[in-house]
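Subject: Structure for you to look at

Hi,

Here is the structure I promised to pass on, together with some notes on what turned up in it. Please open it alongside this message and follow along.

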Amino acid sequence: MRIASADVIVTSPSRIFVTLKITTEDGVTGLGDATLNGRELAVAAYLADHVAALLVGKDPARIEDTWQFLYRSAYWRRGPVTMAAIAAVDMALWDIKGKVACLPLYQLLGGACRTGLRAYGHASGTTLAELFDSIREHLAEGYTAIRVQTAVPGLGPVYGVAAGAQVPGERYDYDPAQRGPQPSKEEWDTSAYLRHVPVVFEAVRDEFGPELPLLHDGHHRMTPIQAARLGRALEPFDLFWLEDCTPAENQDALRLVRQHTTTPLAIGEVFNTVWDFQTLIRDQLIDYVRAGVTHFGGVSPLKKLVDYAAQYQVKSGFHGPTDISPVGMAAQLHLGLAIHNFGIQEYMPPSAATTAVFRHAFTFSGGYLHPGDAPGLGVELDEPAAAGYPYEQAYLPYARLRDGTVHDW
Ligand code: CS2
Ligand code: MG
């Protein structure tokens, strides 16, 4: 069997998605997610202009060899664009292998280690009352673990808090990328945030009790000592994890955080290779790896990452917001079902428009996800429906401090 074609499909139901479709001479197709929020066309071009032609004629069964070929023959390695492109090829080839074997991907990865994957949902509010309502909404939807994001007194819109919608009927926190020619600017003040977050978690614990697993995303906005202070201040509220508490290009920065707090730490959604995690895992500086299959080069390297993490009792917490397409989500669910050191899965349900374009076999019920038992990934792309949602430029917001300094958003 040989690869006959590789096509890049860009569609924008609710938000922009870039998908690679590989078709074999025998007509077997495989899908891969290549969506990089706010830089989507860069990956689409990388695939269409530099990779697609290299795949034609290749044996789709040789997944690892193709991965190594794309990673090493490019000479220029790593980075979000390259790794999202390679990820799409890797996912599509695993999809084909599952369809040829007539097995769901998780069976090819060693079979199920559990009956379902615990998910967490995104609750947020500009006030405590609004936040409590959002938490109750998610509990009513079946979630058994909740990420809590809050507005900060004195600041306008901030990451993760439903404020306004860029698409009628959808919450702001649904997808932070806003359609338009320029990114919107948000104001940030870390001191105000550090004073407010512990107050919010105390109120949430008072309202919902000690058992509900609560997560919080620091979204890379603190210095190491600020992250240490917040981790310490949140200890009484027993968080499931504090995520991306400080930018981790400098992995050693987490030593200072670890030194001061026992709040579990999760990091890595912006990481692209195992080397970004090496010190963090080896030196027990984190408890969960947040890598997402689409930005980490695919199923093959993500499996290697969680196998490495398992040696240090570090668990998975795969990235799962709306800018991981249903194809990427499906791939992560298959891997998550098959690995032993599964921790938790982030899950923001795809919109109705997205689900109409990406028909998926995975299910969410009673707070747990399952990839389904369809062959391969279990996602079919409706190309005529996709064509109905042409590309519209969109950017993630960015942040400036009160004195105008650019800050991590
Ligand atoms: C976030 C993401 O879900 C998360 O944990 O950090 O929503 C992130 O902001 C987006 O993926 C950016 O595209
Ligand atoms: Mg995050």
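A good place to begin is G209, which follows helix α6 and has a positive phi, near 90 degrees. Please keep in mind throughout that this is a predicted model.

**Helix α6 and its ends**

The helix that comes before G209 covers residues 190-208, 19 residues in total. From first C-alpha to last, α6 reaches 27 Å, close to the 27 Å expected at 1.5 Å a residue. At the N-terminal end the cap is D189: one of its side-chain oxygens lies 3.0 Å from the backbone nitrogen of S191. So with D189 capping the N-terminal end and G209 following the helix, you can find both ends of α6 quickly on screen.Within α6 you will also find R205. R205 counts as buried because its relative accessibility is 11%, and the cut-off for that label is under 20%. The C-alpha atoms of R205 and F237 are 6.7 Å apart in space, although the two residues are 32 apart in sequence.

**The ligand site**

Next, please turn to ligand 1, which sits in the largest pocket. It is surrounded by 15 residues, and the closest of them are N37, H219, E269, R290 and E346. Three side chains are worth displaying with their distances:

- E269 has a side-chain N or O atom 2.5 Å from an oxygen atom of ligand 1.
- R290 places a polar side-chain atom 2.8 Å from an oxygen atom of the ligand.
- D323 does likewise, with a polar side-chain atom 2.9 Å from a ligand oxygen.

How much of ligand 1 does the protein cover? On its own the ligand has 340 Å² of accessible area, and the protein covers 93% of that.

**Two residues with positive phi**

H219, listed above among the residues closest to ligand 1, has another feature to check. Its phi is near 50 degrees, a positive value in a residue other than glycine. For context, most residues other than glycine have a negative phi. H219 is placed in the loop between β8 (214-217) and α7 (224-234), and it is buried, with a relative accessible area of 6%.

D244 is not a glycine either, and its phi is positive at about 40 degrees. You will find D244 in the loop between β9 (241-243) and α8 (253-260). With a relative accessible area of 2%, D244 is buried. If you draw a line from the C-alpha of D244 to that of H220, you should get 5.0 Å, for residues 24 apart along the chain.

**Helices α11, α10 and α2**

Is α11 mostly covered or mostly uncovered? It is mostly covered, with 13 of its 13 residues buried. This helix runs over residues 326-338 and reaches 18 Å from its first C-alpha to its last, close to the 18 Å expected at 1.5 Å a residue.

In α10 (residues 299-310), have a look at S300. S300 counts as buried at 9% relative accessibility. Which side chains does S300 contact? Its side chain makes a polar contact of 2.5 Å with the side chain of D90, and another polar contact, of 3.0 Å, joins the side chains of S300 and W94.

There is a second serine to compare in helix α2 (residues 63-73), namely S73. S73 is partly exposed, with a relative accessible area of 44%. A polar atom of the S73 side chain lies 2.5 Å from the backbone oxygen of F69. As a reminder, an α-helix has 3.6 residues a turn, so residues three or four places apart point the same way.

**A loop residue to finish**

Lastly, F362 is found in the loop between β14 (358-360) and β15 (363-365). At 4% relative accessibility, F362 counts as buried. F362 and I135 are 24 Å apart in space, C-alpha to C-alpha, and 227 residues apart in sequence.

If you have time for one view, I would pick the ligand site, with E269, R290 and D323 shown around ligand 1.

Best wishes

Terms used:
Residues are numbered from 1 along each chain as its sequence is written. Chains are lettered from A and ligands numbered from 1 in the order in which they are written. This is a predicted model: local features need pLDDT of at least 70, side-chain atom pairs count only at pLDDT 80 or more; totals for chains, interfaces and linings use all residues. Side-chain values use heavy atoms; hydrogens and water are left out. Helices (H or I, at least four residues) and strands (E, at least two) are DSSP runs, numbered from the N terminus. The expected span of a helix is 1.5 Å times one less than its number of residues. Buried means under 20% relative accessible area, exposed over 50%, partly exposed in between (1.4 Å probe, protein chains only). A residue is near a molecule or strand if one of its heavy atoms lies within 4 Å of it. A polar contact is a pair of N or O atoms within 3.5 Å; within protein, one must be able to donate a hydrogen and the other to accept it, and residues adjacent in sequence count only if both atoms are side-chain atoms. Accessible areas come from the Shrake-Rupley method with a 1.4 Å probe; for residues, only the protein chains shown count as cover. On a 1 Å grid over the protein atoms alone, a cavity is a set of points where a 1.4 Å probe fits but cannot get out, and a pocket is an open set with protein on both sides within 12 Å along at least five of seven lines; lining residues have an atom within 4 Å of a point. A molecule sits in a cavity or pocket if more than half of its atoms lie within 2 Å of its grid points.
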